[in-house]
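Thanks for asking me to look this one over. Here are a few points that I hope are useful as you go through the structure.

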Amino acid sequence: MNRLEIELSGMKMSNPLIPASGCFGFGYVMSEYYDLNILGSISIKGTTLSPRAGNPLPRVAECPDGLINSVGLQNPGVRKVVSEELPKLAKVFHKPVVANISGFSIDEYVEACRIVNDAENVGIIELNVSCPNVHGGGMSFGTQPESVAEVVKAVKKVITKPLYVKLTPNVTDIVSIAKAAEEAGADGLCLINTLLGMRIDTKTRRPVVANKMGGFSGPAIFPVAVRMIWQVASAVSIPIIGCGGVSTADNVIEMMMAGATAVEVGSANLVNPYACKDIIEALPSRMDKLGIATLQEIIGTAL
């Protein structure tokens, strides 16, 4: 048995490493750097029903131990992703991928998920519930248990692939939202998404990012992610994909001990395109030093 091997809802992975959505594009461009098939899976760039141009520039602000981004879900729309982007990725990555889907209404989520569900190389659908609910006053779907449950139930009716819900950390009680997703039929969870952050240019006295605020990611949020994963893993029985500030093999091991079965690596890829490759290669020696025979055995050991 491969000692790094894990399984997510029937999808076997050679290791738990998944480049996070938004930090790896649609994947195939990264094949210029290394053989992508060493990865466990790839979470593709956030996709919506209709094409989106994204937010105005500037979209990124640097921070100590992280960055703020407000890209605005720029993507060509789910139909073009299924007809063009996913086939391009399939030529260089021969494993099932994670399709990250966003929407601004339940109908949009349902239709986008229905379309991507038919893509042959999609193994898991990752529902990003951090988008504003246009029918709910602009409040994110992911900030209320009721709205999370509603969108999960609606999407589950039209798909056959496992559904994982990516939770926002910008809430008072992430456990109640995780439990609502599980009770509504979610097959797994992914947490955490970015924290809401802001930078101000002291020379211009204006926000650095054109959209004023954006998603804060990077090593600084790792302890928050570990805490939330541990809390949620203590309360639900479905698998968790951990995400948030991961940049080392030790981070992966710690996140899995907190309760994650797989781990997404986000902004570290923007700093070092070989980040996932480096972590995968470093895992066996770190496991040896920590007396870990297989990664499977450490999932949730800190609970």
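A residue counts as buried here when its relative accessible area is under 20%, as exposed when that area is over 50%, and as partly exposed in between. Please keep in mind that this is a predicted model.

1. Let me begin with the aromatic rings. With ring centres required to lie within 6.5 Å, the model has three aromatic pairs. In one of them, the centres of the Y34 and Y274 rings are 6.2 Å apart and the planes meet at 35°, so this pair is tilted: the angle is neither under 30 degrees, as stacking needs, nor over 60, as edge-to-face needs.

2. Where do Y34 and Y274 sit in the chain? Y34 belongs to the loop between β3 (17-19) and β4 (60-63), and Y274 to the loop between α7 (268-271) and α8 (275-290). With 240 residues separating the two, the pair links distant parts of the chain. Y33 joins them, and Y33, Y34 and Y274 make up one aromatic cluster.

3. The two partners differ in burial class. Y34 has a relative accessible area of 6%, so it is buried. Y274 comes to 33%, and therefore is classed as partly exposed.

4. Another pair worth a look is Y109 with F141, which is edge-to-face, at 5.2 Å between centres and 85° between planes. Y109 lies in helix α2 (residues 106-116), while F141 is in the loop between β7 (122-128) and α3 (145-156). They are 32 residues apart, and this pair too is one that links distant parts of the chain. Are these partners buried or exposed? Y109 is buried, at 0% relative accessible area, and F141 is buried as well, at 1%.

5. Turning to the surface, L196, M198, I200 and M213 make a nonpolar patch of about 390 Å². Of these residues, L196 is located in strand β10 (residues 195-197). Its relative accessible area is 56%, so L196 counts as exposed.

6. Finally, do have a look at V246, in the loop between β14 (240-243) and α6 (249-258). Although it is a loop residue, V246 is buried, with a relative accessible area of 3%. Which residues does V246 touch, leaving aside those up to four places away in sequence? The contacts are F222, N251, V252, M255, V263, E264, V265 and A268. As for A112, its C-alpha is 29 Å from that of V246, and the two are 134 residues apart in sequence.

Definitions and conventions. Residues numbered from 1 in each chain as written. Predicted model: local features only at pLDDT ≥ 70, side-chain atom pairs only at ≥ 80, totals over all residues. Heavy atoms only, no water. Phe/Tyr/Trp six-rings, centres within 6.5 Å; stacked < 30°, edge-to-face > 60°. Helix = DSSP H or I, 4+ residues; strand = E, 2+ residues; numbered from the N terminus. Buried < 20%, exposed > 50% of the residue type's maximum accessible area, 1.4 Å probe, protein only. Patch = residues over 30% accessible without salt bridge, like charges linked within 9 Å, V, L, I, M, F, W, Y side chains within 5 Å. Areas by Shrake-Rupley, 256 points an atom, 1.4 Å probe, with all protein chains shown as cover. Salt bridge = Lys/Arg side-chain N within 4 Å of Asp/Glu carboxyl O. Contact = heavy atoms within 4.5 Å.
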